[in-house]
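Got your viewer open? Let's take a walk through the empty spaces in this one.

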Amino acid sequence: MRREDLHAILTDHAADRAHPVAPPDPSSCPVRVLADRPDGTVVRHGHVVVKAHAPDADAALHARLAAAASPRLAGVVLRPLAGAPAQAAGRLLTCWPYGTPVDPAAPGAAPWEETAVLLARLHRVPPAVLGATPPPARGPEKAARALARLRDSPLRGPARAAVLAAGAGASAPRARTGPAVCHGDLHLGQLVRDPQPGRGWVLIDVDDMGLGDPLWDLARPAAWFACGLMAPEEWVRFLTAYREAGGTAAGPPGEEWRELDGPARALTAQIAAQALVKAEQAGRPLDEDESAFVDACARMAPLPPGRAVDAAT
């Protein structure tokens, strides 16, 4: 199916949910494609967002959607709009209220403390919220898939070799707190303002949510910090807020890298691998942030475990 046809299907579905009685004046109800990737296409129509999930989405997605609708995750994860998911063009469609995202043009206003509190709350939720057979969180799987795509790509050269070596050398310790409900793909694009009055930031995109090692939810901010893309004071505020909100995955102050080193290395290699593949497919050079992750992989290769934080120096 052409992308334009899928966009039209999502737009019509969103319009039906947003305006069940009468069609609106088009000028008063904006339509916008928010994301268009192989693993998900998202269209906004006014106050309603419709997502077409990946073509290979399986029964585990239903467990994740049920968890997102559970009162146990109220104020932590954005609640989907009522009603069963629809099927169209071989894709599962879900409907959500539109929430204002983090402003990418204002990095200094990034809600790091709020993100940390949300993670701490999520990690304390009873696993039963995911059903009798909880699906696994897909953080480790996504890292492995990114490296596999780079390995199978036509790209060659020292950057590819450094990223693959960094990924192969990343090893995560056993979860110190036991398995927990994890988001599975945390980054600042996964936060929006809950549109309900009086609510704050909430997490979105539950496609990778599941039971797993909560360290993986902390690993991407750790990787940003280790690559020099997150200021030291922001990193300290993030960890402090996580601990003060009851999060225990990072361990005690001063010992976080004993726990986070492996997952942070894996996420650094994942992001670098994705960047190299995307740049090669688009026929463009790496941008500044992408280069930071690839350069970090080159520096990580000779570093012994537990020293990933030195990559920021």
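The stops below are the cavities, then a pocket.

You're looking at a predicted model, where local features need pLDDT of at least 70, side-chain atom pairs count only at pLDDT 80 or more, and totals for chains, interfaces and linings use all residues. Residues are numbered from 1 along each chain as its sequence is written, and side-chain values use heavy atoms, with hydrogens and water left out.

**Stop one: the largest cavity.** On a 1 Å grid over the protein atoms alone, a cavity is a set of points where a 1.4 Å probe fits but cannot get out. There are two cavities of 30 Å³ or more. The largest holds about 80 Å³ (grid points joined across faces, edges and corners; volume is the space filled by probe spheres set on the points).

Select G139, K142, G184, D185, L186, W216, D217, R220, L267 and Q270: these line the largest cavity, each with an atom within 4 Å of a point. Now colour helix 4 (139–152), helix 6 (215–226) and helix 8 (256–282), the elements giving two or more residues to that lining; helices here are DSSP runs of H or I, at least four residues, and strands are runs of E, at least two, numbered from the N terminus. Helix 6 gives the largest share, three residues.

What classes make up the lining of the largest cavity? Three nonpolar, three polar and four charged residues (Ala, Val, Leu, Ile, Met, Phe, Trp, Tyr, Cys and Pro count as nonpolar, Asp, Glu, Lys and Arg as charged, the others, Gly among them, as polar).

**Stop two: the second largest pocket.** A pocket is an open set with protein on both sides within 12 Å along at least five of seven lines. This one has a volume of about 210 Å³. Zoom to P80, L81, G83, A84 and P85, the closest to its centre of the 17 lining residues. Then show helix 1 (3–18), helix 2 (59–68) and strand 5 (91–97), which each give two or more residues to the lining of this pocket. By class, that lining has eleven nonpolar, four polar and two charged residues.
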